[in-house]
Amino acid sequence: MLDTRVERLEPGADGWLASGRSAGEPFQLKTQRVVNAGGLFAQRLARHTAGLNAAQVPPLHLCQGRYFGYRGRSPFHHLIYPLPPADTAGLGIHATLDLAGQLRFGPDTHYLERLDYRVDEQLREPFAAAIRRYFPGLDSSRLTPGYSGIRPKLAGPGNRPPTSLSKARAHTAWPGWSTCSASSHRGSPPAWPSPSAWRRCFEPRGVILLRSSSQPFTTRIRP
């Protein structure tokens, strides 16, 4: 559903009530199962879940990954993943090709206080230094600011994240409800509940999945 935001969740005797706005109009929807996978906005929705102890909502750490494009023909025909530095939260600045064969480099890792998707041109030389580890002949003038993405993390820079399992258990507070707060490891998906927790929550009926790359919205999933 486009332009649809879930703003509040309330547990009841016969399931859940999701309230929000769709195309500017208020709506309410009842369901027996809910997954909060709102990405950057999962914590916001968790805090607007009636009855949830705020201490169970982990802090949100925004980790931006920025990319630079490459003007000209790619010298590579495959992906290149150098060994990442030990102190980085990501996979390091690697070389990747899109479906059209266009080369780009990234991402780096940069923690933010607020959402900001800009890629600063002044990052060209730091990027070039990292790329020359495996592409010593790089002409840095061919690098052009590309795009960025932001991933929610369970820990800030220099801190070890809590285990996915402990966070998952803290987030299965009621039958039929679960939330996925962040990505905790390099290149890994968000912290998911254990298989037994999923079975308790979601067998045998369909669920409402609340997820988005930019804003929470609702999607009905039926068996």
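# Briefing on a predicted protein model

The side chains of Glu10 and Arg8 come together in a salt bridge, with 3.7 Å from N to O. This contact belongs to a predicted model, in which the count of salt bridges comes to five. The protein has four helices and twelve strands. Of its 223 residues, 43% are buried.

**Overall picture**

- The accessible surface of the protein comes to about 12500 Å². Carbon and sulfur atoms account for 53% of that surface.
- Take the contacts between residues at least 6 apart in sequence: 63% of them join residues at least 24 apart.
- One pair separated in sequence is Ala130 and Pro82, which are 48 residues apart along the chain. In space their C-alpha atoms are 9.5 Å apart.

**Salt bridges**

- Both partners of the Glu10 and Arg8 bridge are partly exposed: Glu10 has a relative accessible area of 29%, and Arg8 has 36%.
- Arg104 and Asp98 form another salt bridge through their side chains, at 3.9 Å from N to O. Arg104 is partly exposed at 23% relative accessible area, and Asp98 is partly exposed at 28%.
- Asp116 forms a salt bridge with Arg118, and the closest N and O atoms are 2.8 Å apart. Asp116 counts as partly exposed, at 23% relative accessibility, whereas Arg118 is exposed, with a relative accessible area of 65%.

**Strands and their pairing**

- Strand S1 (residues 4-12) and strand S2 (residues 15-22) run antiparallel and are joined by eight bridges. The two strands form a hairpin, with two residues between them.
- One of the residue pairs across these strands is Pro11 with Trp16, its bridge partner in S2.
- Strand S4 (residues 34-37) sends Val34 and Asn36 one way, while Val35 and Ala37 point the other way. All four of these residues are buried.
- S4 pairs with strand S10 (residues 177-179) in the parallel sense, over three bridges. Trp177 in S10 is the bridge partner of Val34.

**Nonpolar cores**

- In soluble globular proteins, nonpolar side chains tend to be buried together.
- The largest nonpolar core has 17 residues. Phe105, Ile131, Tyr134, Phe135 and Leu143 touch the most other members of this core.
- Three elements give two or more residues to this core: S5, strand S7 (103-106) and helix H2 (124-131). H2 gives the most, with three residues.
- Another core lies apart from this one and has eleven residues, including Val6, Leu9, Phe27 and Val34. Val34 is also one of the buried residues of S4.

**Helix H2 and the loop after it**

- Arg124 is found in helix H2. Is this residue buried or exposed, at 18% relative accessibility? Arg124 counts as buried, because 18% is under the 20% cut-off.
- Leaving out residues up to four places away in sequence, Arg124 touches Phe68, Ser140, Leu143 and Pro145. Leu143 is among the residues that touch the most other members of the largest core.
- Ser140 lies in the loop between H2 and strand S9 (143-153). Ser140 counts as buried, with 14% relative accessibility.
- Which residues does Ser140 touch, not counting those up to four places away in sequence? The contacts of Ser140 are Arg124, Glu125, Ala128 and Arg132.
- Ala130 also has its place in helix H2. Ala130 is partly exposed, because its relative accessible area of 22% lies between the 20% and 50% cut-offs.

**A nonpolar patch on the surface**

- Leu79, Tyr81 and Leu91 form a nonpolar patch on the surface. Together these residues have about 280 Å² of accessible area.
- Where is Leu91 found? Leu91 is in the loop between strand S5 (61-70) and strand S6 (94-97).
- Leu91 is partly exposed, with a relative accessible area of 36%. A residue must have over 30% to be part of a patch, so Leu91 passes this cut-off.

Conventions
Residues are numbered from 1 along each chain as its sequence is written. This is a predicted model: local features need pLDDT of at least 70, side-chain atom pairs count only at pLDDT 80 or more; totals for chains, interfaces and linings use all residues. Side-chain values use heavy atoms; hydrogens and water are left out. Patches are made of residues with over 30% relative accessible area and no salt bridge: like charges are joined within 9 Å, nonpolar side chains (Val, Leu, Ile, Met, Phe, Trp, Tyr) within 5 Å. Accessible areas come from the Shrake-Rupley method with a 1.4 Å probe; for residues, only the protein chains shown count as cover. A salt bridge is a side-chain nitrogen of Lys or Arg within 4 Å of a carboxyl oxygen of Asp or Glu. Buried means under 20% relative accessible area, exposed over 50%, partly exposed in between (1.4 Å probe, protein chains only). A nonpolar core is a set of buried Ala, Val, Leu, Ile, Met, Phe, Trp, Tyr and Cys residues joined through side-chain atoms within 4.5 Å. Contact means heavy atoms within 4.5 Å. Two strands pair if DSSP finds at least two bridges between them.
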